[in-house]
Amino acid sequence: LGEFGFRTPIYSVITNVAHTKNTHIPSYAKTANLSLAHKKDLGALYGVVHTKAEAKDAYEQLEKFGNAVLYQAVIQSDLELLLGISRDPQFGLYLAIGLGGSWTNVLSDRSYMFLPTTPRVMRQKLFHASRYVIQQLGNEYKQNIVSQIVEHMQLLQRLMSKHPEIQELEINPLMINKEGIWVADVKIKTG
């Protein structure tokens, strides 16, 4: 993702409790076991750790899900979005955008578009999916951030055209704040 212009927070995957002293603080801790879906429902998320002692406690609680624990720097967000892209055998590439993070399953408010498409269509679909939330942002900030979100949609479109082996890619949440846009979590399916 980095080579296509996506930013990720500082993170580390720890496989030994003794290494928790090297984690970034504050961090968000969860199991790094990729085979688990719905980690929150399973208790495989610890949440925010504020001290090295909490980082150690998090590791000890999460190691039952596998010996690797992900510690990711905490990013404060003004807006969280979902960006998903899939290859359909009949229709080709399509992109979904909607509210992300904890709102993903609560509201299920998404817009879909077939690719390739233009930045203008992407902007329209973005406003369709999350108009209310975007309207809450200040005007200057809103204009800048909308342009950046559309740019990230274009980057995702480019990434998929360069990597035909990727069948699905979901970024959730795509975290937005005044410092920029961050990919906080991503799922990739190849095939």
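## Starting at Thr117

Set aside the residues within four places of it in sequence, and Thr117 is in contact with Met122 and Gln157. You'll find Thr117 in the loop that runs between strand S7 (110–114) and H4. Its relative accessibility is 18%, and since buried means under 20%, Thr117 counts as buried. Keep in mind as you look around that this is a predicted model.

The same loop, between S7 and H4, also holds Pro116. What kind of peptide bond leads from Leu115 to Pro116? It's a cis bond, with omega near 0°.

## The open sheet

Let's turn to an open sheet of 4 strands. Going across it, the order is S1-S4-S2-S3, and the pairing is antiparallel. Strand S1 (11–14) and strand S3 (45–49) sit at the edges with a single partner strand each, so each of them has one side without a neighbour in the sheet. From one strand to the next, the twist averages 20°.

Now zoom in on one pair. Strand S2 (residues 27–31) and S3 run antiparallel and are joined by 4 bridges. If you want a place to look, Ser27 stands opposite Val49 in S3. Helix H2 (residues 52–62) packs on this sheet, where it touches S1, S2, S3 and strand S4 (69–73). The direction of H2 makes about 175° with that of S3.

## Two nonpolar cores

In soluble globular proteins, nonpolar side chains tend to be buried together. Here, the largest nonpolar core has 34 residues. Which residues have the most contacts inside it? They are Leu81, Ile97 and Ile149. Several elements give two or more residues to this core: strands S5 (79–88), S6 (92–99), S8 (166–177) and S9 (180–183), along with helices H4 (119–135) and H5 (139–162). H5 gives the most, with 10 residues.

Ile149 is a good residue to click on. Leaving out neighbours within four places in sequence, Ile149 is in contact with Leu79, Leu81, Ile97, Leu126, Ile176 and Ile181. There's also a second, separate core of 11 residues, and Ile14, Ala29, Leu62 and Tyr71 are among them.

## The S8 and S9 hairpin

Strands S8 and S9 form a hairpin, with 2 residues between them. The two strands run antiparallel, and 4 bridges join them. One pairing to look for is Ile176 with its bridge partner in S9, Ile181. Both of these residues are also on the contact list of Ile149.

Strand S8 holds Pro173 too. The peptide bond from Asn172 to Pro173 is cis, with omega near 5°.

## Gln167 and Ser77

Gln167 is another residue of strand S8. Is Gln167 buried or partly exposed? Its relative accessible area is 23%, so Gln167 is partly exposed. Not counting residues up to four places away in sequence, Gln167 touches Ile85, Ser86, Arg87, Met160, Lys189, Thr190 and Gly191. Take Arg87 from that list: Gln167 and Arg87 are 80 residues apart along the chain, yet their C-alpha atoms are separated by 5.3 Å.

Ser77 lies in the loop between S4 and S5. With 27% relative accessibility, Ser77 counts as partly exposed. Its contacts, leaving aside neighbours within four places in sequence, are Met175, Ile176 and Asn177. Ser77 and Arg120 are 43 residues apart in sequence, and the distance between them in space is 25 Å, C-alpha to C-alpha.

## The largest pocket

How many residues line the largest pocket? There are 38, and Lys30, Asn172, Pro173, Asp185 and Lys187 are the ones that lie nearest its centre. The volume of this pocket is about 1700 Å³. Asn172 and Pro173 are the two residues joined by the cis bond with omega near 5°.

The elements that give two or more residues to the lining are S1, S2, helix H1 (39–42), S4, S5, helix H3 (104–107), S8 and strand S10 (186–190). Among these, S8 supplies the largest share, 4 residues.

Methods. Residues numbered from 1 in each chain as written. Predicted model: local features only at pLDDT ≥ 70, side-chain atom pairs only at ≥ 80, totals over all residues. Heavy atoms only, no water. Pairing = 2+ DSSP bridges. Axes fitted to C-alpha atoms, helices over the stretch in contact; angles between N-to-C directions. Contact = heavy atoms within 4.5 Å. Core = buried A, V, L, I, M, F, W, Y, C linked by side-chain atoms within 4.5 Å. Buried < 20%, exposed > 50% of the residue type's maximum accessible area, 1.4 Å probe, protein only. 1 Å grid on protein atoms, 1.4 Å probe; cavity = no way out; pocket = protein on both sides within 12 Å on 5 of 7 lines; lining within 4 Å. Points joined across faces, edges and corners; volume = space filled by probe spheres on them.
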